[in-house]
Amino acid sequence: MSHTMNPTTITSRGGDPGRPFMTLRGLHKQYGRGAAILEDLSMDVGAGDFISLIGPSGCGKSTLLKLVAGLVSPTSGCIEVEGMTPANARELMSFIFQEATLLPWRTVLRNVELGLELERSLDRGRRRAKAEELLRLVGLGDVATHYPRELSGGMRMRVSIARALATRPRLLLMDEPFGALDEMTRDRLNEELLRLRAEHGWTALFVTHSVAEAVFLSTRVVVLRAKPGRVHREIKVPFAFPRKASLRSDPAFLALVGEVSGALRELHGPGDGGTAA
Ligand SMILES: Nc1ncnc2c1ncn2[C@@H]1O[C@H](COP(=O)(O)OP(=O)(O)O)[C@@H](O)[C@H]1O
Ligand SMILES: [Mg+2]
């Protein structure tokens, strides 16, 4: 569906303007007979929202993303993406994980082409041309013939992003994609991600342990608490797009980072010096 659309139609999302892009209603998740992982979790996500999920390890962030992707089923509750079940909305989504999950025996270009191989309408030549264009978009046009092992961690993540964008997703699910990168690379990729978002107009669910990254990228930061996982606080991020790197030293930005950090600290009992991660 989405991949046959003209790129300009992707940003004009259509659908029912009164209905959120995605709704989560009273989600419960329990694996087998184990303890409740998520309990009564509800959230509305508007088209074009960039939602960061932040919270202690084990609070169910990855589980939440997998529920939205239809990779696991909720014990009860309901998820709708554009009015569809996750299974039916799968072709609107792409997933990006912390590990770039590239095939080591394929060149960079062929890894990106992988994202396009399900598109029957594309012949080989057009697939290649599209993959080359995506690589240029993420600044990797000149390493197309390299193998993943020849790239830095940041470059591999860029390949992963290019591959995820190949199907022109309307919803990007990202599970700590930059968690393994150094801070400078992470900051640069954050800026690139926002640029790509402006060009493509997807909606995002983004898991991170970095408060500054969450605030820089998001329209809303959702702080989750653990055992069971529920929404502890939702903090709206009011800064206009495009956001410049200099926003990171703006007092209003730092104040919001402080607010999110404070919300995370509330999750620890007194005397518990642990961090959110
Ligand atoms: N497939 C599974 N089977 C059983 N338990 C699981 C499974 N996946 C995750 N869990 C448990 O669910 C909890 C939440 O995990 P996860 O969603 O990965 O949390 P997070 O991403 O916030 O660290 C953890 O206690 C984890 O051990
Ligand atoms: Mg996780």
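Start by selecting helix H2, residues 61-69: it supplies the largest share of the shell around ligand 1, namely 3 residues. Keep in mind as you go that this is a predicted model.

**Stop 1: the ligand shell**

Now widen the selection to every residue around ligand 1: Tyr 31, Ile 37, Ser 57, Gly 58, Cys 59, Gly 60, Lys 61, Ser 62 and Thr 63. Colour them by class and you will see 3 nonpolar, 5 polar and 1 charged. Next, turn on distances to the ligand's oxygen atoms. The side chain of Ser 62 places an N or O atom 2.9 Å from one of them. For Lys 61, look at the backbone instead, where an N or O atom lies 2.9 Å from a ligand oxygen. Cys 59 also uses a backbone N or O atom, at 3.3 Å from an oxygen of ligand 1. As for cover, ligand 1 on its own would expose 560 Å², and the protein buries 55% of that.

**Stop 2: strand S3**

Select residues 50-54, which form strand S3; 5 of its 5 residues are buried. Rotate to view both faces: Phe 50, Ser 52 and Ile 54 sit on one side, Ile 51 and Leu 53 on the other, and both sides are covered. Add strand S7, residues 203-207, which runs parallel to S3 and is joined to it by 4 bridges. Then add strand S8, residues 220-225, also paired with S3 in the parallel sense over 4 bridges. Ser 52 is a handy residue to centre on: its bridge partner in S7 is Phe 206, and in S8 it stands opposite Val 221.

**Stop 3: salt bridges**

Side chains of opposite charge can pair when their charged atoms come close. The model has 16 salt bridges. Pick Glu 82 and Arg 170, whose closest N and O atoms are 2.8 Å apart. Glu 82 is in the loop between strand S4 and helix H3, and Arg 170 in the loop between helix H6 and strand S6, so this pair ties together parts 88 residues apart in sequence. Both residues are buried.

Move on to Arg 127 and Glu 113, a salt bridge with its closest N and O atoms 3.9 Å apart. Here helix H5 holds Arg 127 and helix H4 holds Glu 113. Arg 127 counts as buried at 13% relative accessibility, and Glu 113 is buried at 2%.

Now go to Glu 234 and Arg 220, which meet at 2.4 Å, N to O. Glu 234 belongs to strand S9 and Arg 220 to strand S8. Glu 234 is partly exposed at 35% relative accessibility, while Arg 220 is buried at 15%.

Finish by selecting Glu 39, Asp 40 and Arg 230, linked in a network of salt bridges.

How values were computed:
Residues numbered from 1 in each chain as written. Chains lettered and ligands numbered in written order. Predicted model: local features only at pLDDT ≥ 70, side-chain atom pairs only at ≥ 80, totals over all residues. Heavy atoms only, no water. Near = heavy atom within 4 Å. Polar contact = N/O pair within 3.5 Å; in protein donor to acceptor, adjacent residues only side chain to side chain. Areas by Shrake-Rupley, 256 points an atom, 1.4 Å probe, with all protein chains shown as cover. Helix = DSSP H or I, 4+ residues; strand = E, 2+ residues; numbered from the N terminus. Nonpolar A, V, L, I, M, F, W, Y, C, P; charged D, E, K, R; others polar. Buried < 20%, exposed > 50% of the residue type's maximum accessible area, 1.4 Å probe, protein only. Pairing = 2+ DSSP bridges. Salt bridge = Lys/Arg side-chain N within 4 Å of Asp/Glu carboxyl O.
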